[in-house]
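Take a walk through this model with the sequence at hand. The route starts at the ligand and moves outward.

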Amino acid sequence: AKDPVRVLVTGAAGQIGYALVPMIARGVMLGPDQPVILHMLDIPPAAESLNGVKMELVDAAFPLLKGVVATTDVVEACNGVNIAVMVGGFPRKEGMERKDVMSKNVAIYKSQASALEQYAAKNCKVLVVANPANTNALILKEFAPSIPEKNITCLTRLDHNRALGQISERLNVQVSDVKNAIIWGNHSSTQYPDVSHATVKTPSGEKPVRQLVSDDDWLKGEFITTVQQRGAAIIKARKLSSALSAASAACDHIHDWVLGTPEGTWVSMGVYSDGSYNVPAGLIYSYPVTCRDGEWTIVQGLSIDEFSRKKLDATAEELAEEKALAYSCLS
Ligand code: NAX
């Protein structure tokens with residue numbers, strides 16, 4: 001039998017946490033033969049609720065779940081973890097300035113980075129979900145210098161999956177037959193959902209989405225805005241933000257990162273930019289990636305037309321501004 005993997009979920013008493021921890025304990029994230037020990041962190045006002053989640057995990061009698069740590073102590077939470085899914089953060093409340101929200105999250109990610117740096121397993125893989133996800137991940141990277149920069153990522157897989165879902169609905173095909181959408185840039189409304197290279201499996205072979213969707217105006221207009229604004233549409237409908245889809249996407253992200261992407265398929269991940277596609281180096285930017293042996297690689301050589309170029313640059317610009325704002329909160 002395999003040794004258990006220790007998985008940290010911060011903000012585990014929240015909405016996404018409640019959807020995510022049972023998925024992890026069922027093997028959705030790391031596979032049906034991989035035992036796990038869950039480390040759940042939240043803040044003292046949520047301690048009782050966190051303990052309730054722990055009780056439910058015990059009650060669910062998940063065969064793969066070999067232990068549960070539920071704590072408000074960041075050191076205990078980070079101790080020995082192999083995977084860290086960072087869902088906890090400070091939400092934007094009505095009337096708050098962007099700078100104030102940023103400053104709260106910078107403080108949280110700075111201190112949790114230091115705890116991961118000191119107490120997590122050396123090869124710990126980190127996924128930041130909490131918003132502003134890209135910039136929180138960047139701060140985490142800055143303050144956890146001994147964790148390899150390739151190990152620090154943020155979630156744009158939900159946006160990626162939303163793009164696949166929209167194409168599947170439009171063409172009335174199975175979502176599992178649609179692949180290779182790309183989310184470029186920030187997990188925000190400036191993200192660029194791009195299906196220029198996406199394909200659909202058909203009885204007569206793989207066909208480009210661009211050929212099957214003859215309405216280019218839809219692809220360049222409503223498709224993009226629907227994916228960009230989907231989070232807001234869910235809030236309007238549910239009066240709560242996306243949770244089950246976010247939890248599922250977090251599992252997909254770690255699953256593919258650890259276990260690999262299928263041959264010929266790429267996924268979107270927010271990763272530390274090396275300047276690929278003329279995006280400034282030093283941002284956490286969402287790219288198309290393939291994964292193998294626990295490492296992601298940016299897909300290279302895709303053609304970028306003028307329409308796409310502008311959108312890649314606009315979202316990079318927003319990330320550069322967020323980075324500057326985050327750094328201004330540090331000083
Ligand atoms: P909730 O408010 O339900 O849960 C957040 C939890 O984090 C709470 O239990 C809170 O007590 C806890 N928390 C706050 N500060 C903490 C700290 N310093 N350490 C540990 N825990 C802390 O929010 P939920 O709906 O679960 O969303 C969580 C985060 O995910 C938010 O930042 C949200 O904006 C972000 N999202 C990101 C998505 C993505 O695709 N990247 C999509 C979904 C989601 O909107």
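Which helix gives the largest share of the shell around the ligand? Helix 1 does, with three residues. Keep in mind that this is a predicted model. In total, 29 residues surround the ligand. The closest are Gly11, Gly14, Ile16, Gly88 and Asn131. By class, the shell holds 16 nonpolar, 12 polar and one charged residues.

The UniProt record offers a list to set beside this shell. Its unreviewed entry gives "binding site" positions that include Gly11, Gly14, Ile16 and Asn131. Ala12, Asp42 and Asn105 are also among them. These last three lead into different parts of the chain, taken here in turn.

Start with Ala12. It is found in the loop between strand 1 and helix 1 (15-26). Ala12 counts as buried because it has 29 C-beta neighbours inside 10 Å, and the cut-off is 20 or more. Beyond its neighbours up to four places away in sequence, Ala12 touches Gly17, Val21, Met40, Leu41, Asp42, Leu50 and Val53.

That contact list already names Asp42. Asp42 lies in the loop between strand 2 (36-41) and helix 2 (47-60). Is Asp42 buried or exposed? It counts as buried, because 25 C-beta neighbours fall inside 10 Å. Leaving aside residues within four places in sequence, Asp42 is in contact with Gly11, Ala12, Ala13, Ala47, Leu50, Thr72 and Gly88. Gly11 and Gly88 also appear among the residues closest to the ligand.

Strand 2 itself is mostly covered, with six of its six residues buried. Both of its faces are covered. Val36, Leu38 and Met40 sit on one side, and Ile37, His39 and Leu41 on the other. Its pairing with strand 1 is parallel and runs over six bridges. Within that pairing, Leu8 has His39 as its bridge partner in strand 2.

Now to Asn105, which belongs to helix 4 (residues 98-119). This helix has 22 residues and reaches 31 Å from its first C-alpha to its last. That is close to the 32 Å expected at 1.5 Å a residue. Its buried residues are Met102, Asn105, Val106, Ile108, Tyr109, Gln112, Ala113, Ala115 and Leu116. Why might such positions recur at this spacing? An α-helix has 3.6 residues a turn, so residues three or four places apart point the same way. What do the buried residues of helix 4 pack against? Their partners are strand 1 (5-10), helix 3 (74-78), strand 4 (83-86), strand 5 (125-128), helix 5 (133-142) and helix 12 (306-330).

Further along the chain, UniProt places "domain: Lactate/malate dehydrogenase C-terminal" (unreviewed entry) at residues 156-324. The span is 44% helix and 21% strand, and its end C-alpha atoms lie 21 Å apart.

One sheet to trace is an open one of three strands, ordered 7-10-11 with antiparallel pairing. Its edge strands are strand 7 (178-179) and strand 11 (205-208), each pairing on one side only. Strand 7 and strand 10 (residues 199-202) are joined by two bridges. Lys179 has Thr199 as its bridge partner in strand 10.

The walk ends at His187, where UniProt places the feature "active site" (unreviewed entry). His187 lies in the loop between strand 8 (182-184) and strand 9 (192-194). It is buried, because 28 other C-beta atoms lie within 10 Å. Apart from neighbours within four places in sequence, His187 is in contact with Ala133, Asn134, Cys154, Leu155, Thr156, Asp159, Gly270 and Ser286.

Note on methods. Residues numbered from 1 in each chain as written. Predicted model: local features only at pLDDT ≥ 70, side-chain atom pairs only at ≥ 80, totals over all residues. Helix = DSSP H or I, 4+ residues; strand = E, 2+ residues; numbered from the N terminus. Expected span 1.5 Å × (residues − 1). Buried ≥ 20, exposed ≤ 12 C-beta atoms within 10 Å, placed from the backbone. Contact = placed C-beta atoms within 7 Å. UniProt positions renumbered as here; feature names shortened; annotations may be inferred. Near = placed C-beta within 6 Å. Nonpolar A, V, L, I, M, F, W, Y, C, P; charged D, E, K, R; others polar. Pairing = 2+ DSSP bridges.
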